[in-house]
Amino acid sequence: MSHALAAYDPAVDAPAPHHPIYDYDSGPPVERQKFAIWLFLATEIMFFSGLIGAYIVLRSAAANWPDPSERLAVDITAANTFILIMSSWTMVKAVFAAKKGEQGKTARWLLATILIGSAFVGVQVYEYIELYHHGALPHVDIFWSTFYAMTGFHGTHVVVGVIWNIWVLQRVLRGKYTAKNNIGVELAGLYWHFVDLVWVLLFTIVYLF
Amino acid sequence: MSHAHAPTHPARPLGIDPPGTVHTTHEHHELGFLRKYIFSVDHKVIGLQFLFTGLVMLLLGGLMAMAIRWQLAYPWTEMPVLGRLLFPATGGVTTPEGYTMLFTMHGTLMIFFVIIPLLTGTFGNYLIPLMIGAPDMAFPRLNMLGYWFWWPGIACILLSFGAEGGGPAAGWTSYPPLSTIEAAAPGSNWGQNWWLLSLTFVGVSSMMGAVNYVTTIVKMRAPGMTFFRMPLSIWGLMIAALLQLFALPVLTAASFMQLFDRVFDAGFFTPTGTVINNANPETLGNAAGGHPLLWQHLFWFYSHPAVYILVLPAMGFVSDILAVHARKPIFGYKPMVYSISGIAGLGFIVWGHHMFMSGMNPAVGLVFMTATIMIALPSAVKVFNWLGTLWGARIHLTSAMLFAISFVSMFIIGGLSGIWMASTPVDIYIHDTYIVVAHFHYVVFAGSMMAIFAAIYHWFPKMFGRAMSEKLGVIHFVGTFITLNGVFYMMHQLGLAGLMRRTADPYDYATYAHLQPINQFISWCAFALLAWQVFFVVNFFGSMIWGRRVGRNPWNACSLEWEAPSPPGHGNFDKQLAVYHGPYEYGVPDAPKDFVPQTQRAHA
Amino acid sequence: MAALKHFLLRVVVTLLLLAVPVLGVWTFTEADRWGLWFPPIVSSYGASIDKLFYLILWMVTVTFIGTEALLVWFVFRYSKKDPTRAIFTHGNHKLEMIWTAIPAVLLVIVAISQMEAWTTVKMNFPTEGPYTPEKPLMEVYASQFDWRVRYPDAQGNFTGADVIEVPYDITVPEDTKVVLRLKSRDVLHSFFVPTFRLKQDAVPGMDIPVWFEATEPGSYDLICAELCGWGHYKMAGKIHVLPKDEFDAWLAAKRAALYATD
Ligand code: HEA
Ligand code: HEA
Ligand code: CUA
Ligand SMILES: [Cu+2]
């Protein structure tokens, strides 16, 4: 009340009628999208840390923990793991091709990645169905609870990755990317590599140990 | 003095592209109503959407609080007005499980749907681009998604009210097994599932926001706006965003585990050999072999950092508002920045202080105690610097300033009581008593909420081009300040007398029988507090229409948001920006005016 | 006129800010009279906990009054209308050092001073004497919404026909280090005895030892301090402290009653 506000003065306060939009870049020299995707991956890391941490705690607290090899088809999943790692390689190829602006190649490598990814999911679904027929479900015991939580959430991440790749693929086919602008492919790639990496980790602690 | 070494040319030396990296607009195409006000991608509109939704949620949470207060003052009597809405079955009388639902919903609403959205959602969205000189957020569409992902969260939490068997009734902390075994609590039927889903949606929403904020702050600062020239509001918001990025996913994971336990009968949090309602979960087909404390660790690993998410942005706003209305540079800018970061860093290693009595290894408790007590240090630095800012100032007692000052005064109270609880032996007695309730209401309501009021009064002119009424503002402040202390101060005493929180009717205990009059006093202060907010509501809506028209910079402030028109148009700034110094050049001796905006070369 | 209004505003604000520490400290001094203070201590370690509370109370009160006084003074003194400009400073390194170092020392002292009491209550259980964690006096069993106490048979095992089980009422000997094992049948509960300054959550699947030494005969409230469902608020129990001989007599009588029944 006591200190009057500066009053409205059209001369200085009226907005300029037509003005450009001033959009600055304050570095670091990395695209906004890529910067953001790294932040996003950080959250993903924390998410899986939560799951894996819980698994480790529960397992170390448990009186006796069943030997995974007696309950899970480790060999099949090992093969499946190898497949998924291959898909990381095809993804790298896709990104390289995209950087060179070779659209056809990019499309082909992406397609390969998508197929391999789907194969991985397929095998996992098959595994689930088998387990289901053996009555191995989350409510049976803590082993299965953790198993389904961890593999399940990773599985959904792979599905998301596949869908993402399909979306990128159709953009490639519609010629949206050039040698200069191909960030879209790169982002999908980063996410895909992350998902693969997580799997290697999960496979080791859930199936091997 | 930061303004001394302003660069001769603002851009190059700072490794920031020179002004001129400009994307000109394709001439103004008018957007339809939907795109402009509902599904807008403009950070300002989204900010306001968060503001209005958040205030409505605040009203809801406040009404829950009133219902709580009625029960504590006059247990098992018909509750006026609210009773018929909340408990039609019993003719307006609270039921025991109804009471647990009340404080569960109250806590959940207030933390996840009021304070966090108002701080980060509203002001994060509105202020970040304006204060760093950006035309909008880095990802406007993601920003819009962030707001709209909040709605399924709201929908779920409201659904949980109506869920058959009642709403979630395990407290906002939702400790299992109470929260995971349906048989344990009538309320933990679908109510609890909706609650968990709601938190997941809110989490996704906050996560989208946080990614956006950090990217925008790092990548889109105007030429010359170095990190150490950013207003403290931006620092608070950025650090809070980082806290969310790293803490929130853990809560999401934990919520999913609890959902697994509830929906698929998994056993994450169900120990072996329990008997609930004369039935063993295992024989009912639940997995077991889990551990209840696991949830507590995961929950507090998020929720302690979360309490600093509830306060760091508020501290930032208060710092800015103090400087502007005290016409004096913030005292110790860098120590302020370091202490914000320090609080955030320590905040990650103190979650165990909520679990001293939980059966966690007592030796670990000592470690958490030491870390927790040390958090008082950065907080001390902040308090002392605020005092330093006010020393020798030229204080303008605007409503914004009054609320900001009261934040400092109240945060000291809330913080100091934290020391008692941090000390494990004392916490043996006061854990889960009303001292805890007093503590966190002082930091969260008397603290953060007052800061939000201050921020509303301070930035309202920028948001709507009109100022709020100072008269009503002062009245709102006086009444709120008196009543809130009436509500929360006496809770310390109740706590010392040993009164437990979360007790629907404590007066059966010999220990508590004599406490009812105090509770009645508190309750009437609370009702007055609610009633008094009329002055705010009237002022808030009235000023949009009748408020005094103001220009770009009504407060004569230095930071960038005041360079834009009020309210700012599409793209925010209608002129090229270059930043020469920090945001707090008030009362510069040799300058023509008593403030030097960041866009002007300081004298000397 | 405007000047008067401004002065009034300054006074009102100052008084408001001042009222909090003044009334606050006053309520703390009066609280005892109103029965808004700690209940009496009847456990051996209760006093040490209260002592720590008062230690912190002093430190906190000094800080509280100090900071609030400065705040109030600055707000009053520097809100008067004054055309000149504020003192122009961006801070002072030496000051920052001082007001970081002093609280740091204080806080370290606080932290260290807490350790002993905590270890006494929660970590150092009686090793000799009639009752130890291995050989507890009783087992307290919490469940929605009652407390059950089990006294072992002569051999000290908690199962079998000779185990005495009592609902709600816990009877213990005076001036004896009593150890009990705390269990929960269903959800979380908390074993809270205000007059003992004792609290410990009962966790299903865990078996947590708790000890205390009651110093006054009498009956005291046992309160469940962890939300355990709709009946949480009325999950009350009683602890009856008897002189040693009376306690032995009581236990003997219970045993006798046990055999009388069959
Ligand atoms: C905005 C939210 C917020 C903030 C900022 C804080 C700040 C702090 N909190 Fe609080 N806390 C909560 C929100 C918050 N808390 C909530 C919601 C709960 C309850 C959750 C539930 O169970 O439902 C809780 C519970 C809680 C507990 C658990 C109590 C129990 O359940 O038994 C503890 C224990 O250590 C604690 C400690 C602290 C400490 C040490 C600080 C410190 O950060 C405070 C530091 C500040 C100061 C110390 C004051 C300023 C400093 C000075 C004036 C300098 C001089 C001071 C000294 C030398 C001492 N808090
Ligand atoms: C985080 C923020 C927050 C806020 C702001 C509040 C605000 C209040 N709280 Fe809350 N409270 C919690 C968080 C909060 N609380 C939490 C986390 C718990 C623990 C829950 C648990 O145990 O699980 C709790 C528990 C709790 C209890 C303990 C219950 C128990 O343990 O048995 C009590 C009891 O008095 C209480 C009271 C109040 C009161 C009277 C207010 C008042 O200050 C409310 C005042 C609010 C208003 C008066 C609203 C005014 C409305 C407007 C200004 C909006 C205007 C509208 C438009 C413009 C559209 N709260
Ligand atoms: Cu048992 Cu609360
Ligand atoms: Cu905490």
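Reader: How many bridges join strand 9 of chain C to strand 10 of chain C?

Author: This is a predicted model, in which local features need pLDDT of at least 70, side-chain atom pairs count only at pLDDT 80 or more, and totals for chains, interfaces and linings use all residues. Residues are numbered from 1 along each chain as its sequence is written, chains are lettered from A and ligands numbered from 1 in the order in which they are written, and side-chain values use heavy atoms, without hydrogens and water. Strand 9 (residues 218-224) and strand 10 (residues 236-242) of chain C, strands being DSSP runs of E with at least two residues, numbered from the N terminus, run antiparallel. Pairing requires at least two bridges found by DSSP, and the number joining these strands of chain C is six.

Reader: Which residue in strand 10 of chain C stands opposite S219(C)?

Author: In the antiparallel pair of strand 9 and strand 10 of chain C, the residue of strand 10 that stands opposite S219(C) is H240(C).
The five strands of the open, mixed sheet in chain C follow the order 4-10-9-6-7, and the partner asked for is H240(C).

Reader: Which residue is the only protein donor of the iron atom of ligand 1?

Author: Donors are N, O and S atoms within 2.8 Å of the metal (3.2 Å for Na, K and Ca), and water is not among the atoms, so sites may look incomplete. The iron atom of ligand 1 lies 4.5 Å from the copper ion (ligand 4). Its only protein donor, through NE2 at 2.2 Å, is H439(B).

Terms used: Helices (H or I, at least four residues) and strands (E, at least two) are DSSP runs, numbered from the N terminus.
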